[in-house]
Amino acid sequence: MTGKARRAKKRKSEVEVRQMTLEDLPEVWRLSEKIFTPSQLQFTYRTWNINELLSLFQEDPELCLVAEDVNSRKIVGFAIGTILRRPFSPWTYGYFVWAGVKKMRRRQGVGKRLYRELEKRFKEKGARIAIVDVEGTNQAGMRFMEKLGFKQNQTYIWFSKLLD
Ligand SMILES: CC(C)(COP(=O)(O)OP(=O)(O)OC[C@H]1O[C@@H](n2cnc3c(N)ncnc32)[C@H](O)[C@@H]1OP(=O)(O)O)[C@@H](O)C(=O)NCCC(=O)NCCS
């Protein structure tokens with residue numbers, strides 16, 4: 001890689017990870033629609049919708065994060081989590097529910113930075129275990145989760161049926 005290309009890559013990766021605001025919601029939604037497509041992530045596409053985004057944001061905005069390009073001020077990624085508590089149990093889980101990074105900005109550490117911040121917030125809220133689910137066909141998603149330190153994967157099977 002030439003010095004110029006390296007500098008361009010570095011510039012591109014300048015992002016700030018911060019908490020999502022109400023004003024960010026339309027942009028996050030538009031970005032998610034480009035990422036969670038039925039051709040690439042079928043079940044993710046089926047289960048992701050605007051109410052999901054709104055209800056998770058309403059539930060705990062501190063667990064809704066965006067990665068913003070510091071130059072263009074455009075959102076290039078997001079990560080959303082929630083806390084799962086079990087009544088009468090000391091175990092509290094940080095559920096890493098959704099993550100997406102703009103195609104052109106992948107493999108530059110954006111997803112990892114988003115998750116690190118989310119995990120920090122999970123711990124601050126008392127979570128002792130982080131959990132996540134990924135479609136079995138989503139190789140990039142699985143490699144990503146492994147890289148973040150998720151282990152002990154179990155298979156959970158989705159069925160679908162056409163209702164006529
Ligand atoms: C999964 C996703 C969020 C990762 O975001 P990202 O910003 O590209 O991730 P990072 O650059 O932080 O990658 C961290 C590590 O994860 C692994 N990884 C990420 N993408 C990978 C890929 N396509 N193939 C193999 N490993 C990958 C690598 O080990 C990478 O480290 P490296 O680049 O130093 O080798 C992004 O690919 C995406 O938006 N995918 C579509 C949506 C999705 O699958 N979301 C998760 C389920 S909701």
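These legends walk through several close-up views of one predicted model.

Two notes before you look. Residue numbers start from 1 along each chain, following the sequence as written. Since this is a predicted model, local features need pLDDT of at least 70 and side-chain atom pairs count only at pLDDT 80 or more, while totals for chains, interfaces and linings use all residues.

**View 1. Here's the whole protein chain, with its six helices and five strands.** Helices (H or I, at least four residues) and strands (E, at least two) are DSSP runs, numbered from the N terminus. Going from the N terminus on, you'll meet the elements as α-β-α-α-α-β-β-β-α-β-α. Along its principal axes, the C-alpha trace spans about 55 × 45 × 35 Å. The protein chain has a radius of gyration of 17 Å, which agrees with the value near 15 Å for a compact globule, because that is what 164 residues would give. (The radius of gyration is taken over C-alpha atoms, and the globule rule is 2.2 Å times the number of residues to the power 0.38.)

**View 2. Five strands make an open sheet in the order 1-2-3-4-5, with mixed pairing.** Two strands pair if DSSP finds at least two bridges between them. Strand 1 (15-19) and strand 5 are the edge strands, each pairing on one side only. From one strand to the next, the twist averages 25°. (Axes are lines fitted to C-alpha atoms, for helices over the stretch in contact, and angles run from 0 to 180 degrees between N-to-C directions.) Helix 2 (residues 25-35) lies across strand 2 (64-69), strand 3 and strand 4, at about 95° to strand 3. Here, two residues are in contact if their C-beta atoms, placed from the backbone, lie within 7 Å.

**View 3. Zoom in on strands 2 and 3, an antiparallel pair with five bridges.** Look for E68, whose bridge partner in strand 3 is I75. Five residues sit between the strands in this hairpin, and R73 takes a positive phi near 60°.

**View 4. Next comes the antiparallel pairing of strand 3 (residues 75-85) with strand 4 (residues 92-101), over nine bridges.** You can spot A79 opposite A99, and G77 has V101 as its bridge partner in strand 4. This hairpin has six residues between the strands, and F88 takes a positive phi near 65°.

**View 5. Strand 4 and strand 5 (residues 129-132) run parallel, paired over four bridges.** To get from strand 4 to strand 5, the chain passes through helix 5 (residues 110-124), making a right-handed β-α-β crossover. (Right-handed means that, with the strands pointing away from the viewer, the path from the first strand over the helix to the second runs clockwise.) In strand 5, A130 is the bridge partner of G94, and V132 is the partner of F96.

**View 6. Finally, meet the 20 residues around the ligand, where R106, G111, K112, A140 and R143 come nearest.** A residue is near a molecule or strand if its C-beta atom, placed from the backbone, lies within 6 Å of it. Strand 4, helix 5 and helix 6 (139-147) each give two or more residues to this shell, and helix 6 gives the most, with five. The shell splits into eight nonpolar, seven polar and five charged residues. (Ala, Val, Leu, Ile, Met, Phe, Trp, Tyr, Cys and Pro count as nonpolar, Asp, Glu, Lys and Arg as charged, and the others, Gly among them, as polar.)
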